[in-house]
Each structure stands twice: as C-alpha cells, then as structure tokens.
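Reader: I am in my first year and still learning how to read a structure piece by piece. Could you take me slowly through a single part of this one, and show me how its surroundings connect to it?

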Amino acid sequence: MSVPVMTVPGEPPAPLSTAAVRATGLRKTYGSGETAVHALAGVDVAFAAGEFTAIMGPSGSGKSTLMHCLAGLDTATAGEVWLGGTDLTRLRDDELTKLRRQRIGFVFQSFNLLPVLDARDNIVLPMQLAGLRPDTAWMDSVVARLGLRERLGHRPHELSGGQQQRVAIARALLPRPDVVFADEPTGNLDSRSGAEVLGLLRSSVKETGQTVVMVTHDPVAAAYADRVVLLADGLLAGELSDPTAESVLDALRGLGA
Ligand SMILES: Nc1ncnc2c1ncn2[C@@H]1O[C@H](COP(=O)(O)OP(=O)(O)OP(=O)(O)O)[C@@H](O)[C@H]1O
Ligand SMILES: [Mg+2]
C-alpha cells in the first residue's frame, strides 16, 4: 500500500512550496515486453526543505533508481520531478547539467573523488565546472565542520575512507544545494567513520537547514533521519516519523525485507 507523504490524517497536504524536491507518478522501466523491469512503478513522494529523510527497502526495491531520477542523474520513463519550482524532466541536457552542479549535491557509496586532484580541488570542482566561485567564508566553515582543514592538500589515496567521504560531503555542500542526495554513504565505512559521517549529515540539516535524502540499508543509520520512506517493488510502502533503529527494523520486517 502506498501512503501519501507529508499528509497527516485529517489535515490538508502541506503546501508544495515546503517541498525541496518531489516526484509525481514516477516510473522507470528497464527493457520491454515480458522481460521489462519496473524499477519504479508510479511513485509520488515529497521531501520537505530542511529535513533529513532516509529511503529504505529491500535490495532491488528501486531506492537507487529513485534517487538517481530525483537528482537528475537518470531520466524517468514517465512522471515528473520537481526541484522547488523546476520540473527536471522538462530540461534539456545542458540545462540539467548546470542545475545539477548548482542545486544538487550527490554523495556516493564509493566516494567518487578524482584521484589526481587533492581534497581542495575535488571539493571545488563542480562549482568551477559551473563557472561559479565558492564563497571563501562558507568554504572555510564547511571544511572546518567536516574536520578537513589539515587534509586539503592530500589526494584521495592519502586519506582514510572516512576522510574521503567527508571530502565528498564537503563537495556536495559547497554550492549550498537545494538538496544533498546520498546513496549508502556509509556503505564502505567502518562503524566509527560511518557514525561520524551520519553525524555530519545530521548537523548540516540542524545547523544550516540543509535538505538531505539518504538511501541506507542500516536501521541505525536511518535513525539519524527525521523521517524514513519505505519502498517495495518500485512503490512507496509507507513511512515513519522520528525513526528509531527498532521502529525501522519492525517496519522492514513488515515488508519482508
Ligand atoms: N541499468 C539497469 N538495467 C536493467 N535493470 C536495472 C538497471 N538498474 C537497475 N535495474 C533493476 O531495477 C530494480 C531496482 O534497482 P535499484 O538499483 O534501484 O535497487 P535498490 O533498491 O537500490 O537495490 P540495492 O539495495 O541492492 O542497492 C532492480 O530489479 C534492478 O535489477
Ligand atoms: Mg541501490
């Protein structure tokens, strides 16, 4: 069963302007005919500005596909994706690339840093490519918050996994994007570095009002979020507010995950 998101029983839906990003009727089909895979089978979902949301669900339920479509990294088969007042599905490729660099941050499980660039150059690269100059005071504050001041001259191979992921988060936060998407950002980290990364995402929401949407398999990671959205078989399968590791685990068991 799909549950309408941002709706409290008996109350009208929250105004759309409070959604940093939302999708309506989102479908993604791979292949065709009998072998077609409906990775997203008609998803309506909204993510409020200034909130930290975790997306969870069984392997293959469409979490990465949803996130890639929301972030403009992949194109949907049908439906709309709105980033504030912009429908991403109607943009030309060059417009989408520009929007992604300025208004969307993405954090990957495998960090995706350029090995030949040091941490500082990795952090500023997307803004440079967009022809934008990072605000020095903001850059200093992001770097300080992420504990990277002493590491800016290091290349990725000279950094630990946790440090590399912190560089990737700094890169995502630097343009002050409308949304930061993170697909299993702690998947390649030990539990201590993972907790550090989750704490940093949490504090960027609390302290600077950053909107964060994160895919995770880990109920403990999901408990850092304000809300958990559940996917199953390419459809919304429910949601939880103020999740705890226990309530998330119960909800996942309910999905047969
Ligand atoms: N490029 C592709 N071609 C064909 N099928 C694909 C492709 N990408 C994803 N799929 C299929 O779409 C479905 C959803 O995949 P997706 O990667 O979104 O799942 P997920 O929830 O992120 O899973 P996981 O937890 O394992 O990362 C799966 O059945 C997958 O096999
Ligand atoms: Mg995935």
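Author: Let us begin with one pair of strands and build outward from there, keeping in mind throughout that this is a predicted model. Strand β1 and strand β4, the latter made of residues 78-83, pair in the antiparallel sense, and 5 bridges hold this pairing. One position where you can see the two strands face each other is Ala23, which stands opposite Val81 in β4.

Strand β1, residues 19-30, also pairs with β2, again running antiparallel, and here the two strands are joined by 9 bridges. If you look for Arg22, you will find that its bridge partner in β2 is Ala46. β1 and β2 together form a hairpin with 6 residues between them, and in that turn Gly31 has a positive phi of about 75°.

These pairings belong to an open sheet of 4 strands, whose order is β2-β1-β4-β5 and whose pairing is antiparallel. The edges of this sheet are taken by β2, residues 37-48, and by β5, residues 86-87, each of which pairs on one side only. As general background, the strands of a sheet pair through backbone hydrogen bonds, and they may do so in a parallel or an antiparallel way.

From here we can turn to the ligand, since β1 and β2 lead us towards it. Tyr30 has a polar side-chain atom that lies 3.5 Å from a nitrogen atom of ligand 1. On the oxygen side, a polar backbone atom of Gly62 is 3.0 Å from an oxygen atom of ligand 1, and an N or O atom in the side chain of His217 is likewise 3.0 Å from an oxygen atom of the ligand. Taken alone, ligand 1 exposes 640 Å², of which the protein buries 59%. Two elements, β2 and α1 (63-70), give two or more residues to the shell around ligand 1, and the largest share, 3 residues, comes from α1. In all, 13 residues surround the ligand, the closest being Ser59, Gly60, Lys63, Ser64 and Thr65. Sorted by class, this shell has 4 nonpolar, 7 polar and 2 charged residues.

It is helpful to set this beside the other sheet described here, which is an open sheet of 6 strands in the order β6-β7-β8-β3-β9-β10, with mixed pairing. At its edges stand β6 (104-107) and β10 (235-241), and each has a single partner strand, so one side of each is left without a neighbour in the sheet. Neighbouring strands of this sheet are turned by 20° against each other on average, when direction is ignored.

Both senses of pairing can be followed in this sheet. At one edge, β6 and strand β7 (residues 179-183) run parallel and are joined by 4 bridges, with Ile104 standing opposite Val179 in β7. At the other, strand β9 (residues 227-232) and β10 pair in the antiparallel sense over 6 bridges, and the bridge partner of Leu230 in β10 is Gly238. β9 and β10 also form a hairpin, with 2 residues between them, and Asp233 in the turn has a positive phi of about 50°.

Finally, for the wider setting, an unreviewed UniProt entry carries the annotation "domain: ABC transporter" for residues 21-256. In the model, that span is 36% helix and 26% strand, and its end C-alpha atoms lie 28 Å apart.

How values were computed
Residues are numbered from 1 along each chain as its sequence is written. Chains are lettered from A and ligands numbered from 1 in the order in which they are written. This is a predicted model: local features need pLDDT of at least 70, side-chain atom pairs count only at pLDDT 80 or more; totals for chains, interfaces and linings use all residues. Side-chain values use heavy atoms; hydrogens and water are left out. Two strands pair if DSSP finds at least two bridges between them. A residue is near a molecule or strand if one of its heavy atoms lies within 4 Å of it. A polar contact is a pair of N or O atoms within 3.5 Å; within protein, one must be able to donate a hydrogen and the other to accept it, and residues adjacent in sequence count only if both atoms are side-chain atoms. Accessible areas come from the Shrake-Rupley method with a 1.4 Å probe; for residues, only the protein chains shown count as cover. Ala, Val, Leu, Ile, Met, Phe, Trp, Tyr, Cys and Pro count as nonpolar, Asp, Glu, Lys and Arg as charged, and the others, Gly among them, as polar. UniProt positions are given in the numbering used here, feature names are shortened, and annotations may be inferred rather than shown by experiment. Axes are lines fitted to C-alpha atoms, for helices over the stretch in contact, and angles run from 0 to 180 degrees between N-to-C directions.
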